[in-house]
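Subject: Structure for you to look at

Hello,

Here is the structure I said I would pass on. Please open it and keep it beside this message while you read.

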Amino acid sequence: MAQHVSEQYLQIFEGRKVRTVWDESAQEWYFSVADVVSVLTDSSDVKQYIKKMRLRDPELGARWGTICTPTRMVASDGKYYNTQSSNMEGIFRIIQSIPSPKAEPFKQWMSQVAASRVNQMIDPELSIEQAMDDYRRVCDNNEDENEYEDENSGSATGNSSVVTKMALQ
């Protein structure tokens, strides 16, 4: 990952924090591997879980250096450390190697998204329809969030994912 990182975020998934970084030069998100594995496995020792996961999946272990990259992220003590992170493609690959029941719904969702994308490649009209559906959903969500903020004096704290922007030092 390039050294130029513009913004760091905390994302909340099922009530648990996942550190993410937006890399401006690559125009992509990087996710803390340990945070994602922790959320999907509830492991008490995430480092050991990742080590065993790499041994169980030799292909993942062999490609680990290209899948993961050290990225400066804020730790729970407020200090910045190089943290193993991965872009979206790498995180998907890592999740495929997690045999936890908590990862299964995510794997099923990934399969559905992939099948949908293949169908869109076969029939481009489906891509246009999907883009229209996505646009409508985003517009509806923005209206819902604005209404929710108005009703709650500007504090949006619903059950959806929460994103918190963190200032860089």
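The model is predicted. Start with strand β2, residues 16-23, and strand β3, residues 28-32: they run antiparallel and are joined by 4 bridges. Within this pair, Thr20 is found opposite Phe31 of β3.

Together β2 and β3 make a hairpin, with 4 residues between the two strands. One residue in the turn is Gln27, and its phi is positive, at about 55 degrees. Gln27 is not a glycine, yet it has this positive value.

β3 also pairs with strand β5, which covers residues 80-87. The two are joined by 3 bridges and run antiparallel. Here Phe31 has Ser86 of β5 opposite it. Phe31 therefore has a partner in each strand: Thr20 on the β2 side and Ser86 on the β5 side.

Back to Gln27, which sits in the loop between β2 and β3. Is Gln27 exposed, partly exposed or buried? Its relative accessibility is 47%, so Gln27 counts as partly exposed. The cut-offs behind this are under 20% for buried and over 50% for exposed.

Asp42 is another residue other than glycine with a positive phi, near 60 degrees. Where is Asp42 placed? Asp42 belongs to the loop that runs between α1 (33-41) and α2 (46-56). Because its relative accessible area is 46%, Asp42 is partly exposed.

To find these places on the screen, begin at Phe31 in β3, then go to Gln27 in the turn and on to Asp42 in its loop.

Regards

Notes:
Residues numbered from 1 in each chain as written. Predicted model: local features only at pLDDT ≥ 70, side-chain atom pairs only at ≥ 80, totals over all residues. Heavy atoms only, no water. Buried < 20%, exposed > 50% of the residue type's maximum accessible area, 1.4 Å probe, protein only.
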